[in-house]
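Trainee: Could you take me slowly through one part of this structure, the largest pocket and the charged contacts around it? I would like to follow each step of the reasoning.

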Amino acid sequence: MSESLTARRAARALALQVLFGLDDGLADGDAAGAVAAWADRFELPADQTVRELATGLVALVVAHNRRGGVDDAIVAGSRNWRLERMARVDRNILRLAVGELIHAPETPVRVVINEAVELAKRFGTAESSAFVNGVLDRIAANLGRRADGEPASEPEAT
């Protein structure tokens with residue numbers, strides 16, 4: 001794995017941990033301060049590049065969730081699951097991934113989903129990776145994005 005990919009993977013893990021910590025006050029989070037405090041408090045091996053990438057990811061989710069965009073997309077893509085009933089780790093993995101799906105279109109869908117599934121395997125329960133994968137597949141389709149880079153097909157009229 002290249003250094004850039006390793007840094008991005010580490011940044012996503014750090015961003016997830018910060019979002020988990022900010023979960024109750026997500027709209028009030030200071031991304032840079034939260035990332036620095038979290039990394040320092042738990043003595044995480046996060047160099048400046050990882051901290052900057054994580055700060056960008058946290059800021060992206062926090063800024064866009066103030067208007068409900070991230071959580072609204074999760075609710076629309078999750079069948080029979082209210083946001084507050086999802087496991088806290090799963091909810092924040094989804095927030096991180098949906099933030100990238102919506103607001104970082106240069107990141108391929110398959111990369112976003114794969115990284116989210118890997119985070120779910122690492123930090124979630126035995127069922128988390130399948131749950132996250134299924135919800136993100138639906139959200140990507142709802143957003144008109146597919147994992148192969150092609151636009152999603154229009155739903156057929158009934």
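Mentor: What follows starts with the whole chain, goes on to the pocket, and then turns to the salt bridges.

Please keep in mind that this is a predicted model, and that the values below are computed from it. The secondary structure of the chain comes to seven helices and zero strands, so that, read from the N terminus, the order of elements is α-α-α-α-α-α-α. The chain has 158 residues, of which 46% are buried. If we take the contacts in the chain with a separation of 6 or more, 68% of them are between residues 24 or more positions apart.

Now to the part you asked about. The largest pocket holds about 190 Å³ of space, and its lining is made up of R8, A11, R12, L53, G56, L57, L60, E100, H103, A104, E106 and T107. Three elements each give two or more residues to this lining, namely α1 (3-22), α3 (48-65) and α5 (88-103). Of the elements, α3 gives the most, with four residues. When the lining is sorted by residue type, five residues are nonpolar, three are polar and four are charged.

Two of the lining residues, R12 and E100, deserve a closer look. The side chains of E100 and R12 meet in a salt bridge, with 2.9 Å from N to O. This pair links distant parts of the chain, since R12 sits in helix α1 and E100 in helix α5, 88 residues apart. Are these two partners buried or exposed? A residue counts as buried when its relative accessible area is under 20%; E100 is at 5% and therefore counts as buried, and R12, at 7%, is buried because its value also falls under that cut-off. The pair does not stand alone, for R9, R12, E100 and E115 are linked in a network of salt bridges.

One member of that network, E115, leads us to helix α6, where E115 is among the buried residues. The helix covers residues 109-123, which is 15 residues, and reaches 21 Å from its first C-alpha to its last, close to the 21 Å expected at 1.5 Å a residue. Besides E115, the buried residues of α6 are V109, V112, I113, A116, V117, L119 and A120.

A search of the whole structure finds nine salt bridges, and helix α5 takes part in others besides the one with R12. The side chains of D23 and R91 meet in a salt bridge, at 3.0 Å from N to O. Here D23 belongs to the loop between α1 and α2 (31-41), whereas R91 is in helix α5, 68 residues away along the chain. D23 also forms a salt bridge with R95, and in that case the closest N and O atoms are 2.9 Å apart. This second pair again links distant parts of the chain, with D23 in the loop between α1 and α2 and R95 in helix α5, 72 residues apart.

The same reasoning about burial can be applied to these three residues. D23 is at 11% relative accessibility and so counts as buried, R91 counts as buried because its relative accessibility is 9%, and R95, with a relative accessible area of 5%, is buried too.

Methods: Residues are numbered from 1 along each chain as its sequence is written. This is a predicted model: local features need pLDDT of at least 70, side-chain atom pairs count only at pLDDT 80 or more; totals for chains, interfaces and linings use all residues. Side-chain values use heavy atoms; hydrogens and water are left out. On a 1 Å grid over the protein atoms alone, a cavity is a set of points where a 1.4 Å probe fits but cannot get out, and a pocket is an open set with protein on both sides within 12 Å along at least five of seven lines; lining residues have an atom within 4 Å of a point. Grid points are joined across faces, edges and corners, and a volume is the space filled by probe spheres set on the points. Ala, Val, Leu, Ile, Met, Phe, Trp, Tyr, Cys and Pro count as nonpolar, Asp, Glu, Lys and Arg as charged, and the others, Gly among them, as polar. A salt bridge is a side-chain nitrogen of Lys or Arg within 4 Å of a carboxyl oxygen of Asp or Glu. Buried means under 20% relative accessible area, exposed over 50%, partly exposed in between (1.4 Å probe, protein chains only). The expected span of a helix is 1.5 Å times one less than its number of residues. Contact means heavy atoms within 4.5 Å.
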